Amino acid sequence: IVLPAKPGAVTFNHKTHAAQKCTVCHKDDKGGAIEGFNKTVKKDTAHAKCHDCHKKEAKGPQKCADCHKKGA
């Protein structure tokens, strides 16, 4: 899944996150849309869902350029 962003698109690999419970991100176990991740993703929402979890788990990208890729 590619999420557009001003500092560069963020590519999200769902397979690498499959070990997590669906409800870590999704509203329920059925999946579906994630609140704040619609056609336009809100920066604060994305950072709260993604970056904060990476920090807490001490794994995954944590620097801006690790996720945001220009021309992607």
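Is Ala-58 buried or exposed? At 63% relative accessibility, Ala-58 counts as exposed, because the cut-off for that class is over 50%. Keep in mind that this is a predicted model. Ala-58 makes a handy starting point for a walk through it.

This alanine sits in the loop between H1 and H2. Look at its backbone and you'll find a positive phi of about 55°, although the residue is not a glycine. In the chain, Ala-58 comes after H1, so let's step back into that helix.

H1 covers residues 43-57. Does its length hold up? What to compare is the span expected for its 15 residues with the distance between its end C-alpha atoms. At 1.5 Å a residue the helix should span 21 Å, and the end C-alpha atoms are 20 Å apart, so the two agree. H1 does have a kink, though: about 25°, centred on Lys-49. As for burial, the residues of H1 that are tucked away are Ala-46, Cys-53 and His-54.

One of those buried residues, His-54, leads straight to the largest pocket. His-54 is among the lining residues that lie nearest the pocket's centre, along with Leu-3, Val-10, Phe-12 and Cys-50. In total, 47 residues line this pocket, and its volume is about 1300 Å³. Which elements give two or more residues to the lining? They are strand S2 (9-11), helix H1 (43-57), helix H2 (64-67) and strand S3 (68-69). H1 provides the largest share, with 9 residues. Sort the lining by class and you get 22 nonpolar, 15 polar and 10 charged residues.

Cys-50, met a moment ago by the pocket's centre, brings up the cysteines. How many disulfides are there? The count comes to 0. Take Cys-25: the nearest cysteine sulfur belongs to Cys-50 and is 6.6 Å away. A disulfide needs the two sulfurs within 2.5 Å, so Cys-25 is in no disulfide. Cys-25 has a relative accessibility of 30%, so it counts as partly exposed.

Cys-64 tells a similar story. Its nearest cysteine sulfur, that of Cys-67, is 8.5 Å away, and Cys-64 is likewise in no disulfide. With a relative accessible area of 63%, Cys-64 is exposed.

Note on methods: Residues are numbered from 1 along each chain as its sequence is written. This is a predicted model: local features need pLDDT of at least 70, side-chain atom pairs count only at pLDDT 80 or more; totals for chains, interfaces and linings use all residues. Side-chain values use heavy atoms; hydrogens and water are left out. On a 1 Å grid over the protein atoms alone, a cavity is a set of points where a 1.4 Å probe fits but cannot get out, and a pocket is an open set with protein on both sides within 12 Å along at least five of seven lines; lining residues have an atom within 4 Å of a point. Grid points are joined across faces, edges and corners, and a volume is the space filled by probe spheres set on the points. Helices (H or I, at least four residues) and strands (E, at least two) are DSSP runs, numbered from the N terminus. Ala, Val, Leu, Ile, Met, Phe, Trp, Tyr, Cys and Pro count as nonpolar, Asp, Glu, Lys and Arg as charged, and the others, Gly among them, as polar. Buried means under 20% relative accessible area, exposed over 50%, partly exposed in between (1.4 Å probe, protein chains only). The expected span of a helix is 1.5 Å times one less than its number of residues. The bend at a residue is the angle between axes fitted to the seven residues ending there and the seven starting there.
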